[in-house]
Amino acid sequence: MSGDWVVPLGDAAAGDPDTVGGKGAGLHRLVDLGVRVPCGFVVTTDAFRAALTDAAGTVDTVEAPLRDLPPDAPIDVVERAASTTRARLLRAVAAGPVLDAVRTAYDELAGGICRVAVRSSAVGEDAAGASYAGEHDTYLELRGRDAVADAVCRCWASLYTARAVSYRAHAGLGAAGAMAVVVQEMVPARAAGVFMTLNPANGDRSTVVCEAVWGLGEPLVSGAVTPDRFVIDKISGEVVRREIATKERSLVRSAEHPGTVEVDVPADRRDEPCLDDAELAELLELARRVERSAGVPQDGEFAVAEPGGPARVQLLQTRPETVWSARAPRAAAPSGSGSALSAVLATLTRGASAAPPHEGTPDHGG
Amino acid sequence: MVADRFPSPFDIETPAGAEGWESMYDWYHLFGPERRELDEGRFWFADRLHHPDVLHPYDEIQCECWWQALGAFNTRIFAMPPAFGVDQRILNGRLYVTPVAAPPDDVAARAEEFGRRAGHYYERWDAIYAEWKEKVTAKLAEIRAMRFDPLPDLEPESTVFDHVGHSAGFRMIRDFDRLVLTMYETYQYHFELLNIGYAAYLTFFAMCRQAFPDISDQSISRMVGGLRVELYRPDDELKRLAKEAQRLGLGDRLSGTEDAATLFASLREDAAGAEWVADWERTADPWFLINTDPGHPGGYHTYPTWADQPDIPLASVREYLRRLTDGESIDRPTDEVLAERDRITAGYRELLSDADRATFDDTVGLARQVFAFIEEHVLYIEHWMWATFWAKSHELSRALAAMGEVDEPEDMFFLRRYEVAEAIYDCVAAWSVGSRPRGADHLRPLIARRREIYTALRAWEPPPALGPPPSQIDEPFTVMLWGITTSSVSEWLRADGDDGTLRGTAGSPGIVEGPVRVVTHPSELPDVQPGDVLVCPATSPAWAPVFARIAATVSDVGGIMSHTAIVCREYGMPAVVGTGNAVSSLRTGQRVRVDGNAGVVTVLEPA
């Protein structure tokens, strides 16, 4: 157990999910594919274990309060045990060479002055079959080596939030395992959002569905704002549907201090689409590359760097889509037909559905 | 308060001055008290796709051709499972139609018959289509060979020495019947392949929609279209003539604005010019035998062909020449269209389950085969056959006028076909006997009155539909061909236009803004300016040259398979089709935004 504590995203070592967690490995794949992602590094699971081992002897010591919980423990008991565990962890890792390595890595990233995002990357998350969506911590717009080291510790601790513990229990994933942390340059986002390489409302695999808001994407992910919604045809590249929301507030980089601030969207931009056709085309191209390479439908997050324009779309993460991917693609014809004639007969005797619908069917997903 | 039904056909009043209009049409084509109960319960819509204007009595032949033939092939020959024919009625000079559904209980049995019968055609499509072209070309040769000359004072000697054994008068009677019957026969062939072709095309549509609910109509069409069909040949010939003019160094001489007759006369004065005019004349038959009706080509006797009015194709040649001079390419990007077709077909195919791919391949293959016919039959029948039929009808009308049976040629078109047969008999009998026909004296007041009625009917704005609409419009042919859907009908009921938008079918993608140019007759085409938004009842392939100039098209009628939609997709410009009333609600010069993705036209400048 003496692997590197910190590895750049583009490094071969960043391809091993046991070392860099699901998110880190996903980002490494993107770098490998030549997809634009913000520069960054991963604080590995080895670093996590080393930090705990140095300070507290073993991971077991830290996790002890949780280990003793009965499987059907009430939520407040879980919450108390989780809180004790987190406190032990934060105390245990506060000093030591691991965090120094993190500070050095930050200094080397754009001269130690850039703003970064610090994101949890748990082992086992983001794999096909379990999304862990939003179960662990993320910190945005941080600046300074100590702030980053502190955020890394908090990410480690978020392995033991009550909801993460419950999620693991629910998903049958057992013990906490280990946590890697991704540190990436912060994209000054003009707009950001999420995408899926199928339509989650109907399983249509010929579309990329994208939702986006002005500014950073977090309010969208947390469901705090109604995003614009675009349905793009993967094959023809057409934007087949646009639903433009009124976007009153947005989360942006704070100008004076590190961190983010929620602001009013200027009146003349509220009802404007936050992505233009060129950006949608770029996103489509990136999404298709990722899906092709992975071989299964994907979902992910993206940001459009200020001030917009060509080559500004960056992917922040991708992972296998977990719901529709488990099913077969939608059927085109009645099973066992095979010939055009049987398809014609099926169409002519089906009545209503034979006619091409005049309007798109509304759907709600994402 | 939104009405839930359209007016009953029995409550529609006769426009002032049009009293007695019923006498202009055959009794079986009218709403009548005997069928009131049946007809009042049906939903009729104005067939502005085929007949946007008042019908002349003679032109009722056009309606009868497809009324009978479409019905027989759907109902009796192929046993189209869900659909019988399309019934017709004429009201105040306008054609209203209603699709007749097969009884639901019969659909399964009909499907079995259809499988054997249409299946036979699908398996042999290309061979049957090759035979079809021969059959139709033979009919075309037959009516081209007919002549309707004024009857001679004395029969030519050949009548005697060749032992012909019958008279020119008899032949006039016979040939008029043959002329009409040949058109009827051609319409049998028209529907021999058309609706089973559409069924296969629709199936491919349904299949794509099933697998990819978000797929656009345009994407599906693009997987099937882009073939090297003969329908594009007339336009390609114009491009070739433009290149020839350039090669012969005639560019400057063609760049003026003089009319075709003056230009051709001056060109004939030297060798290069004469060579080009000779080329034009060779090309004109048959490639300029192109009807210019808005909507259904050949629907009326009143519209000229390109050959009749060379100014129309000449305007396009001049436009192509200008683009050539500017260094632009004028060739249709057929190879790119085909490559794109194959690319997107492979793209969607890849997303299907393994089990579906074989059906998809077979169906897209059949859809492409039938689509070539769907596009090309328009050239053979709507253009060549109808152009020739109307030309021969005009020839007959001139002969009748020359013989004094009617006062002027146009009078004949105010007679129903059975009345024309009567007039011919009257004329021939008098000619034979050496006596005087009752003819013009008898017909004069009738025709004068019908001219008044015709004018009064044209001023009448027909309601888009009659009777109770069905809760759901799902008859596939209605939706695809006429562009009439549940939502367009409720739009009609709402008396739209209040919010400054018109809704139709998204015929071709893209969004542009521009000034409106309303065009209801091909004679107005030369007024179209670059960047105009063409607003018309419908377009026909004869209008193709104008597409090089405009920014978008908005039509009153048509679905995604209408010529407007097909040609706009081909040219890569937005189209909103089937808006119902764009022509009557938009004004030339008004700025509009045409959204061909959503099927919406927004008025940016209030009227």
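This text describes chain A, its two domains, its contact with chain B and the nonpolar cores of the structure. The model is a predicted one.

Chain A holds 11 helices and 13 strands. Of its 366 residues, 49% are buried. Among the contacts in chain A with a separation of 6 or more, 68% join residues that stand 24 or more positions apart.

Chain A is divided into two domains, with domain 1 spanning 6-185 and domain 2 spanning 189-326. Where these domains meet, domain 1 of chain A contributes 22 residues and domain 2 of chain A likewise contributes 22 residues. On the side of domain 1 that touches domain 2, the elements giving two or more residues are helix 1 (17-33) and strand 4 (138-142) of chain A. Helix 1 of chain A gives the most to that side, with six residues. By residue class, this side of domain 1 divides into 11 nonpolar, five polar and six charged residues.

The contact between the chains can be followed in a similar way. Chain A supplies 39 residues to it, and chain B supplies 50 residues. On the side of chain A that touches chain B, two or more residues come from each of strand 8 (228-233) and helix 11 (340-350) of chain A. Helix 11 of chain A accounts for the largest share of this side, eight residues. The residues on this side of chain A comprise 18 nonpolar, 15 polar and six charged.

The interior remains to be considered. In soluble globular proteins, nonpolar side chains tend to be buried together. In this model, the largest nonpolar core has 167 residues, of which B:A200, B:Y201, B:F204 and B:V535 touch the most other members. Helix 14 of chain B, residues 354-402, gives the most to this core, with 22 residues. A second core lies apart from that one and has 95 residues, including A:A50, A:C155, A:M196 and A:F230.

One of the residues of the largest core, B:V535, can be examined individually. Leaving aside residues up to four places away in sequence, B:V535 touches B:V516, B:R517, B:V518, B:V554, B:A582, B:V583 and B:L586.

In summary, helix 1 of chain A gives the most to the side of domain 1 that touches domain 2, while helix 11 of chain A provides the largest share of the side of chain A that touches chain B. In the largest nonpolar core, the leading contribution comes from helix 14 of chain B.

Technical notes: Residues numbered from 1 in each chain as written. Chains lettered and ligands numbered in written order. Predicted model: local features only at pLDDT ≥ 70, side-chain atom pairs only at ≥ 80, totals over all residues. Helix = DSSP H or I, 4+ residues; strand = E, 2+ residues; numbered from the N terminus. Buried ≥ 20, exposed ≤ 12 C-beta atoms within 10 Å, placed from the backbone. Contact = placed C-beta atoms within 7 Å. Nonpolar A, V, L, I, M, F, W, Y, C, P; charged D, E, K, R; others polar. Domains from an automatic or database assignment. Core = buried A, V, L, I, M, F, W, Y, C linked by C-beta atoms within 7 Å.
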